[in-house]
Amino acid sequence: MKFRFWGVRGSIPSPGPRTARYGGNTTCIEVRSDDDTLIILDGGTGLFPLAQHLLGRLPVHANIFITHSHWDHIHGLPFFMPLFIKGSRVRLHGAVDDVTGNGIEHVMGVQLQNSYFPVSEAQMDATIDYRTLEIGVPIAVGDTVVGNVLMNHPVTNLGYRIDCHGKSLFFTGDHEPWYNPHAPGDPRHAAFEEHLAGRQREIDAAMRGVDALIVDCSYTREEYPAKQGWGHGTFDAAFEMALRVGARTLYCTHHEPTRGDDELEAAFADVMARFRDRLGALEVRLAYEGLEVELR
Ligand SMILES: [Zn+2]
Ligand SMILES: [Zn+2]
């Protein structure tokens with residue numbers, strides 16, 4: 001199994017000279033299984049350059065898994081060129097939208113409203129279908145098994161684990177480390193702690209021992225307190241998580257849109273220095289557009 005990052009930016013596309021080395025497109029990861037099954041994790045604007053790349057190998061049979069419905073994870077979907085090509089097959093997977101109760105088709109439908117996009121789904125020539133996932137229930141896709149677990153974000157966000165012939169990766173989508181909103185001493189504090197510990201155990205179990213752990217590292221620990229509750233993680237929390245679950249390699253992604261390449265590398269170097277003595281065999285990398293990894 002191998003994977004390639006096509007978008008590593010969080011929140012909003014951020015092209016320009018300051019982000020040229022790591023890239024300005026929002027979240028999108030291409031996964032190829034051993035039998036060449038195509039799985040795409042999230043449809044941020046990175047899906048557009050991926051689509052251009054796929055035009056060289058038609059027909060496309062794509063299994064897209066959406067972590068959640070925020071724009072930066074779905075905005076490339078209407079621009080996924082194989083949707084317009086007869087003979088291509090696109091299957092979109094994701095969770096129920098808690099706000100409307102609709103299935104995963106809503107992430108396409110909402111963007112194809114005529115006010116926002118000129119082409120309707122009826123004009124798309126590919127075979128398109130939708131699979132709304134049950135939380136915690138894995139499904140087989142080609143020669144892989146794709147599992148999911150509920151992460152911590154203001155909307156339902158599924159983290160995905162893909163297993164293929166003994167190799168595995170896990171992608172968090174957007175995830176904020178758990179915190180207890182009730183102060184110690186508050187009667188609700190202890191019960192909430194227990195609830196959070198249970199959720200954390202589920203997530204840790206889903207990540208346990210993965211070869212590649214791909215995590216939302218939007219903030220530094222210094223930036224985080226002002227952003228608590230926005231649904232994003234820190235480098236420090238990701239490092240702790242990777243060490244706890246015994247991941248082989250950690251890929252930091254969902255880079256903060258205001259952070260240029262030099263600042264990103266400086267923030268990363270700072271965390272690496274802090275964890276230097278604890279990393280052991282854990283390898284940690286900053287994700288960038290075009291980074292391709294073969295799991296062996
Ligand atoms: Zn995001
Ligand atoms: Zn989000």
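Buried, as used here, means under 20% relative accessible area, with a 1.4 Å probe and protein chains only. Keep that cut-off handy for the exercises below, and remember that this is a predicted model.

**Exercise 1.** Work out whether His68 and His153 are buried or exposed, and say what they bind.

*Solution.* Start with the accessible areas. His68 has a relative accessible area of 3%, so it is buried. His153 comes in at 11%, and therefore counts as buried too. Next, look at the metal. Both histidines coordinate the zinc ion (ligand 2) through NE2, alongside His70 (ND1) and Asp174 (OD), at 2.1 to 2.3 Å. Written as a spacing along the chain, these donors give H-x1-H-x82-H-x20-D. His68 and His153 are 85 residues apart, so to speak from distant parts of the chain: His68 sits in the loop between strand S4 (61–65) and helix H2 (71–74), and His153 in the loop between strand S8 (144–150) and strand S9 (158–164).

**Exercise 2.** List the protein donors of the zinc ion (ligand 1) and classify the geometry of its site.

*Solution.* First, the donors: Asp72 (OD), His73 (NE2), Asp174 (OD) and His254 (NE2) lie 2.1 to 2.2 Å from the ion. Their spacing in sequence is D-H-x100-D-x79-H. Then check the angles. A tetrahedral label needs all angles between 85 and 135 degrees. Here the four donor atoms subtend 91 to 162°, so the arrangement is irregular. The site of the zinc ion (ligand 2) is irregular as well, with angles of 89 to 172° among its four donor atoms.

**Exercise 3.** Find which residue bridges the two zinc ions, then describe the surroundings of His73.

*Solution.* Asp174 is the bridge, and the ions it joins lie 3.6 Å apart. Now move to His73, which is in helix H2. Its relative accessible area is 0%, so it is buried; Asp72 is buried too. Setting aside neighbours within four places in sequence, the contacts of His73 include Thr27, Asp42, His68, Asp174 and His254.

**Exercise 4.** Determine where the buried residues of H6 fall around the helix axis, and what covers them.

*Solution.* Begin with the helix itself: H6 has 15 residues and reaches 21 Å from first C-alpha to last, close to the 21 Å expected at 1.5 Å a residue. The buried residues in it are Asp261, Leu264, Ala267, Phe268, Val271 and Phe275. Viewed down the axis of H6, they fall within an arc of 130°, so they line one face of the helix. Their cover includes H5, S12 and S13.

**Exercise 5.** Identify the residues that touch the most other members of the largest nonpolar core, and say which element supplies the largest share.

*Solution.* A general point helps to set the scene: in soluble globular proteins, nonpolar side chains tend to be buried together. The core in question has 31 residues, and Leu213, Phe235, Phe239, Leu250 and Cys252 touch the most other members. Helices H4 (189–207), H5 (235–245) and H6 (261–275) are among the elements that each supply at least two residues, as are strands S11 (212–216), S12 (249–253) and S13 (283–286). H5 gives the largest share, with six residues. For a closer look, take Leu213: beyond residues up to four places away in sequence, it touches Phe170, Met207, Ala242 and Leu250, among others.

Key: Residues are numbered from 1 along each chain as its sequence is written. Chains are lettered from A and ligands numbered from 1 in the order in which they are written. This is a predicted model: local features need pLDDT of at least 70, side-chain atom pairs count only at pLDDT 80 or more; totals for chains, interfaces and linings use all residues. Side-chain values use heavy atoms; hydrogens and water are left out. Donors are N, O and S atoms within 2.8 Å of the metal (3.2 Å for Na, K and Ca); water is not among the atoms, so sites may look incomplete. Four donors count as tetrahedral if all angles lie between 85 and 135 degrees; four count as square planar and six as octahedral if opposite donors are over 155 degrees apart and all others between 65 and 115; anything else is irregular. Helices (H or I, at least four residues) and strands (E, at least two) are DSSP runs, numbered from the N terminus. Buried means under 20% relative accessible area, exposed over 50%, partly exposed in between (1.4 Å probe, protein chains only). A nonpolar core is a set of buried Ala, Val, Leu, Ile, Met, Phe, Trp, Tyr and Cys residues joined through side-chain atoms within 4.5 Å. Contact means heavy atoms within 4.5 Å. The expected span of a helix is 1.5 Å times one less than its number of residues. The arc is that of the directions from the helix axis to the C-beta atoms.
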